[in-house]
Amino acid sequence: MSAEGGRSVLTVNYPPDRTVMELDLLSVSLGLPQGSADMIKVRVNDEERISIVPDSGFECFTVRLSPGVNAIDVTAFKKGREIDSVEFSVFRRSDLEAAYQKAPADFQKDYFHSKKRKECAECHVLVPTDADKKPVNPASFKAALQEGDKQAIASSSTCYSCHSKITSYPYVHGPASVWSCLSCHDAETEPMYMVKKPDAEVCFSCHVEQGRDWGAKKFIHGPVNTGKCAICHSPHASDNPFNLLKPTWFLCTSCHQKNASGRHIIAGYVYGDSHPTRGKPDPLRNGKELTCASCHNPHASDYPRLWALSAGSAFELCQMCHQK
Ligand code: HEC
Ligand code: HEC
Ligand code: HEC
Ligand code: HEC
Ligand code: HEC
Ligand code: HEC
Ligand code: HEC
Ligand code: HEC
């Protein structure tokens, strides 16, 4: 599409229109003749996100996506006048949003690394180096981080030049923080960089204690039992403690909507409509707010209903917070 005399200025080199994305980050790479535009604006679902002053024939950037369809509109300007625009959409899939678990039929997954991508390899290294393959010892990496220069560690990964935003969140997972991407992603798979399934197999290779402890409990939470750790935790980084994909209450109620009211807590025992599940101080965890995890362990427990407190019955559970 072109606004002036049929001349196209913008080319989207990545992504193809109607791609399915798993992460909330999208990489975009544009081509444009040098000097053709002096400003590029990017809108996602009609909201302006980025403006760029182009300085070469290529522009690469990253945008955050919302679950579902994201319509991306890129417009080029010269001296304040619109000279070209392109539009494309991607679908961000999410296991935690009932409406967006499945992509519409006209959207397709595109495995970036299963093609040669010569047009990117001109400037980026697309084959992992020895530095990428370095093993990370979880016990000693913290010390390395403290002693060493963080930037030096980061730039030892070829992934960094394109995926740098994947760790730009307040809570970053250990191995991702040192850019040890290949401790989970396998460079020998087809498509490339797949992660072994179920997740638990990968996670427990480092979190050995958790694997042993949780496996020995009487009751194991559904998604933990099926090894789906990444349904709740980002393996990379997130806005929430423990790299959770949502704050705990919102995470739990994504799958257990009917428990949000707290009615289930008291239904069998006392007369009443609801019991708080958030927005009150937790009487047992100083300084923390009441949440689903005040009463339930998200992984496993020896007590019924995955209770996080050592109570053999609901009545005993009540008494732990409501003494007398
Ligand atoms: C002409 C050189 C060049 C080509 C060709 C090129 N890139 Fe880039 N790309 C760069 C440079 C330079 C940066 C770093 C920009 C910076 O650090 O601010 C970059 C950064 C990126 C980023 C990170 C953007 C961000 O938000 O930090 C992504 C993603 C990316 N490139 C993807 C691609 C893809 C995909 C292709 C192929 C379709 C490609 N690039 C082709 C030069 C290029
Ligand atoms: C040229 C830039 C570039 C480099 C370098 C790069 N990636 Fe990617 N990667 C992408 C783009 C673009 C995608 C598509 C998804 C997106 O928009 O981020 C992607 C997707 C992926 C995926 C999803 C599967 C797929 O093939 O679409 C994985 C996993 C991945 N990258 C891992 C890595 C790892 C690990 C490294 C380093 C060893 C790396 N990438 C280096 C640009 C790059
Ligand atoms: C602790 C293990 C682990 C580490 C370390 C890790 N990843 Fe991942 N990564 C995963 C898992 C698991 C998934 C799949 C998430 C899911 O199930 O949705 C994933 C997904 C991805 C995807 C999107 C895949 C898709 O299907 O679109 C990209 C891109 C990616 N990782 C890049 C990276 C980069 C770059 C690094 C290094 C900073 C890295 N990962 C480090 C475990 C890891
Ligand atoms: C290569 C080793 C490695 C792998 C594989 C790994 N982790 Fe980690 N993980 C770590 C390290 C190291 C830390 C940081 C420990 C610390 O800071 O005390 C960590 C921290 C965490 C934390 C935060 C713990 C806390 O107390 O803040 C969570 C949650 C977590 N990992 C979940 C996972 C999940 C889920 C997977 C699988 C997708 C996984 N990890 C795979 C090494 C690993
Ligand atoms: C249903 C969501 C959910 C699933 C699935 C899940 N976790 Fe967690 N995880 C949480 C929550 C919530 C917390 C924080 C608990 C708290 O607030 O004390 C947590 C905390 C953690 C911690 C840090 C605290 C600790 O107990 O060591 C680790 C490590 C961890 N998870 C690893 C994993 C691994 C490995 C898996 C897969 C076997 C997994 N998680 C599956 C929700 C989940
Ligand atoms: C990805 C979906 C998902 C998420 C997120 C999730 N759960 Fe579950 N939960 C399940 C499944 C599946 C089961 C097993 C269902 C069944 O057996 O009927 C289950 C069962 C339970 C049970 C009942 C166990 C029993 O013995 O009856 C409790 C309690 C529970 N979850 C609490 C939580 C809490 C607390 C959170 C947040 C930390 C959470 N869930 C997050 C999917 C989820
Ligand atoms: C104050 C303690 C407490 C809090 C907070 C709490 N629960 Fe419960 N939960 C219970 C008790 C007690 C039961 C057992 C009810 C029964 O069996 O009659 C239970 C049972 C459950 C069950 C299994 C039975 C059912 O009703 O499906 C699920 C799932 C569950 N809770 C999810 C949640 C979620 C999600 C939250 C947060 C929104 C939450 N709970 C907050 C105490 C609590
Ligand atoms: C983890 C601690 C905890 C447990 C366990 C717990 N409660 Fe509560 N309960 C609270 C908190 C916090 C409040 C809110 C107090 C306030 O309003 O300041 C509350 C309030 C209540 C109320 C008053 C409701 C209202 O509308 O104000 C009742 C009734 C109640 N709980 C009954 C129960 C019963 C029955 C059980 C056992 C099935 C139980 N509680 C288990 C923490 C707990």
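The following exercises, each with a worked solution, concern the predicted model shown above.

Residues are numbered from 1 along each chain as its sequence is written, while chains are lettered from A and ligands numbered from 1 in the order in which they are written. In this predicted model, local features need pLDDT of at least 70 and side-chain atom pairs count only at pLDDT 80 or more, whereas totals for chains, interfaces and linings use all residues.

**Exercise 1. Overall description**

Determine how many helices and strands the protein chain has, and into which domains the chain is divided.

Solution.
- Step 1. Helices (H or I, at least four residues) and strands (E, at least two) are DSSP runs, numbered from the N terminus. The protein chain has twelve helices and 15 strands.
- Step 2. An automatic or database domain assignment supplies the domain bounds. The division gives domain 1 (11-110), domain 2 (112-195) and domain 3 (218-321). Nine residues from domain 2 and nine residues from domain 3 take part in the contact, where residues are in contact if their C-beta atoms, placed from the backbone, lie within 7 Å.
- Step 3. Along the principal axes, the C-alpha atoms fill a box of roughly 80 × 45 × 35 Å.
- Step 4. Of the 324 residues in the protein chain, 17% are buried. A residue is buried if 20 or more other C-beta atoms lie within 10 Å of its own, exposed if 12 or fewer, and partly exposed in between, with C-beta atoms placed from the backbone.

**Exercise 2. Strand pairing**

Establish the strand order of the open sheet of six strands, and identify the partners of β3.

Solution.
- Step 1. Two strands pair if DSSP finds at least two bridges between them. The order in the open sheet is β5-β4-β7-β8-β2-β9, with mixed pairing. At its edges are β5 (47-52) and β9 (108-109), each of which pairs on one side only.
- Step 2. Within this order, β7 (residues 68-78) and β8 (residues 81-92) are antiparallel and share eleven bridges. Asp-73 has Glu-87 in β8 as its bridge partner.
- Step 3. Strand β3 pairs with β1 (residues 11-14) in the antiparallel sense over three bridges, and Val-12 is bridged to Leu-30 in β3.
- Step 4. Strand β3 also pairs with β6 (residues 58-64), again in the antiparallel sense, over seven bridges. Here Val-28 stands opposite Phe-61 in β6.

**Exercise 3. Nonpolar cores**

Find the elements that give two or more residues to the largest nonpolar core.

Solution.
- Step 1. A nonpolar core is a set of buried Ala, Val, Leu, Ile, Met, Phe, Trp, Tyr and Cys residues joined through C-beta atoms within 7 Å. The largest has 15 residues, and those with the most contacts inside it include Val-9, Leu-32 and Val-90.
- Step 2. The elements sought are β3, β7 and β8.
- Step 3. Apart from this core lies another, of eleven residues, among them Ala-200, Cys-229, Cys-232 and Leu-317.

**Exercise 4. Ligand shells**

Explain why ligand 1 and ligand 2 are each placed between domains, and describe the surroundings of ligand 5.

Solution.
- Step 1. A residue is near a molecule if its C-beta atom, placed from the backbone, lies within 6 Å of it. Ligand 1 is surrounded by 18 residues, the closest being Ser-27, Cys-60, Thr-62, Cys-120 and Cys-123. Strand β6 gives the most to this shell, with four residues.
- Step 2. Ligand 1 lies between domain 1 (11-110) and domain 2 (112-195) because both give residues to its shell.
- Step 3. Ligand 2 is surrounded by 23 residues, and the closest are Ser-27, Phe-112, His-113, Cys-159 and Cys-162. Its shell also takes residues from both domain 1 (11-110) and domain 2 (112-195), so ligand 2 lies between them.
- Step 4. Around ligand 5 are 19 residues, with Cys-203, Pro-223, Cys-229, Cys-232 and Pro-298 the closest. Elements giving two or more residues are α6 (199-206), α8 (222-225) and α9 (248-255).

**Exercise 5. Met-192**

State whether Met-192 counts as buried, partly exposed or exposed, and why.

Solution.
- Step 1. Met-192 is located in the loop between β11 (185-186) and β12 (194-195).
- Step 2. Met-192 counts as partly exposed because it has 17 C-beta neighbours inside 10 Å.
- Step 3. Neighbours within four places in sequence aside, Met-192 contacts His-113, Ser-114 and Ala-187. Its C-alpha atom is 9.3 Å from that of Lys-115, 77 residues apart along the chain.

Conventions. Two residues are in contact if their C-beta atoms, placed from the backbone, lie within 7 Å.
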